[in-house]
Amino acid sequence: MPVPASQYLIVLARATGWTADFIRWELPLSQGWAHFHTARLLDGIPMTLPGGTASEQAWWDQVTSRIKSPRN
């Protein structure tokens, strides 16, 4: 299994508890990548929107900073 596919599988399995078979054969790829992206963000890994504009990126940065900041 290539490294990116292995990383995808490991991150999703760790974040969700789903089995490798479920992730490989039943989970729609678009939904899996959305979960992967969110799991990496919550782990503190900076991610960017592919092909996004500066305004979209600024909005996304605001959203993720709200998710990461503790609630008062």
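The exchange below goes through the helices, core, aromatic pairs and salt bridge of a predicted model.

Colleague: What pattern does the protein chain follow along the sequence?
Modeller: The protein chain has 4 helices and 0 strands. Read from start to end, the pattern is therefore written with helix symbols alone, since helices and strands are the DSSP runs that are numbered. That pattern is α-α-α-α.

Colleague: How far apart are the end C-alpha atoms of helix 3, and what span should its 14 residues have?
Modeller: Helix 3 covers residues 29-42. The expected span is 1.5 Å times one less than the number of residues, so the 14 residues should span 20 Å. The end C-alpha atoms agree with this, being apart by 20 Å.

Colleague: Which residues of helix 3 are buried?
Modeller: Buried here means under 20% relative accessible area. In the protein chain as a whole, 22% of the 72 residues are buried. In helix 3 the buried residues are Gly32, Phe36, His37, Ala39, Arg40 and Leu41.

Colleague: Which residue just after helix 3 takes a positive phi?
Modeller: The residue lies just after helix 3, and its phi is about 90°. Lys68, in helix 4, touches this residue as well as Leu41. The residue with the positive phi is Gly44.

Colleague: Which element gives the largest share of the largest nonpolar core?
Modeller: The largest nonpolar core has 8 residues: Tyr8, Leu9, Val11, Leu12, Ile23, Leu27, Phe36 and Ala39. Two elements, helix 1 (3-16) and helix 3, give two or more residues to this core. The largest share, 4 residues, comes from helix 1.

Colleague: Which residues is Val11 in contact with, leaving aside its neighbours within four places in sequence?
Modeller: Val11 belongs to the largest nonpolar core, as do Phe36 and Ala39. Contact requires heavy atoms within 4.5 Å. By that cut-off, the contacts of Val11 are Phe36, Ala39 and Arg40.

Colleague: Why is the pair of Tyr8 and Trp33 tilted?
Modeller: The count of aromatic pairs comes to 4. For Tyr8 and Trp33, the ring centres are 4.5 Å apart and the planes are at 45°. Planes under 30 degrees apart count as stacked and those over 60 as edge-to-face, so the rest are tilted. The angle for Tyr8 and Trp33 falls in that remaining class, so the pair is tilted.

Colleague: How many residues apart are Tyr8 and Trp33?
Modeller: The pair links distant parts of the chain, with Tyr8 in helix 1 and Trp33 in helix 3. Tyr8 is buried at a relative accessible area of 8%, whereas Trp33 is partly exposed at 41%. In sequence, Tyr8 and Trp33 are apart by 25 residues.

Colleague: Which residues form the aromatic cluster that includes Tyr8?
Modeller: Tyr8 also forms a tilted pair with Phe36, at 6.1 Å centre to centre and 35° between the planes. This pair links helix 1 to helix 3 across 28 residues, and both Tyr8 and Phe36 are buried. The cluster is made up of Tyr8, Trp33 and Phe36.

Colleague: Which residue forms a salt bridge with Asp43?
Modeller: A search of the whole structure finds 1 salt bridge. The closest N and O atoms are 2.6 Å apart, and a salt bridge requires the nitrogen within 4 Å of the carboxyl oxygen. Asp43 is in the loop between helix 3 and helix 4 (54-68), and its partner, 29 residues apart, is in helix 1. That partner is Arg14.

Colleague: Is Arg14 buried or exposed?
Modeller: Its salt-bridge partner Asp43 is partly exposed at 41% relative accessibility. Arg14 has a relative accessibility of 54%. The cut-off for exposed is over 50%, so Arg14 counts as exposed.

Colleague: Which residues is Trp18 in contact with, leaving aside its neighbours within four places in sequence?
Modeller: Trp18 is found in the loop between helix 1 and helix 2 (20-25). At 28% relative accessibility, Trp18 counts as partly exposed. Its contacts are Ala13, Ile23, Leu27 and His35.

Colleague: How far apart in space are Lys68 and Leu41, C-alpha to C-alpha?
Modeller: Lys68 is partly exposed, with a relative accessible area of 46%, while Leu41 is one of the buried residues of helix 3. Lys68 and Leu41 are 27 residues apart in sequence. Their C-alpha distance is 8.8 Å.

Conventions. Residues are numbered from 1 along each chain as its sequence is written. This is a predicted model: local features need pLDDT of at least 70, side-chain atom pairs count only at pLDDT 80 or more; totals for chains, interfaces and linings use all residues. Side-chain values use heavy atoms; hydrogens and water are left out. Buried means under 20% relative accessible area, exposed over 50%, partly exposed in between (1.4 Å probe, protein chains only). A nonpolar core is a set of buried Ala, Val, Leu, Ile, Met, Phe, Trp, Tyr and Cys residues joined through side-chain atoms within 4.5 Å. Rings of Phe, Tyr and Trp (its six-membered ring) pair if their centres lie within 6.5 Å; planes under 30 degrees apart count as stacked, over 60 as edge-to-face and the rest as tilted. A salt bridge is a side-chain nitrogen of Lys or Arg within 4 Å of a carboxyl oxygen of Asp or Glu.
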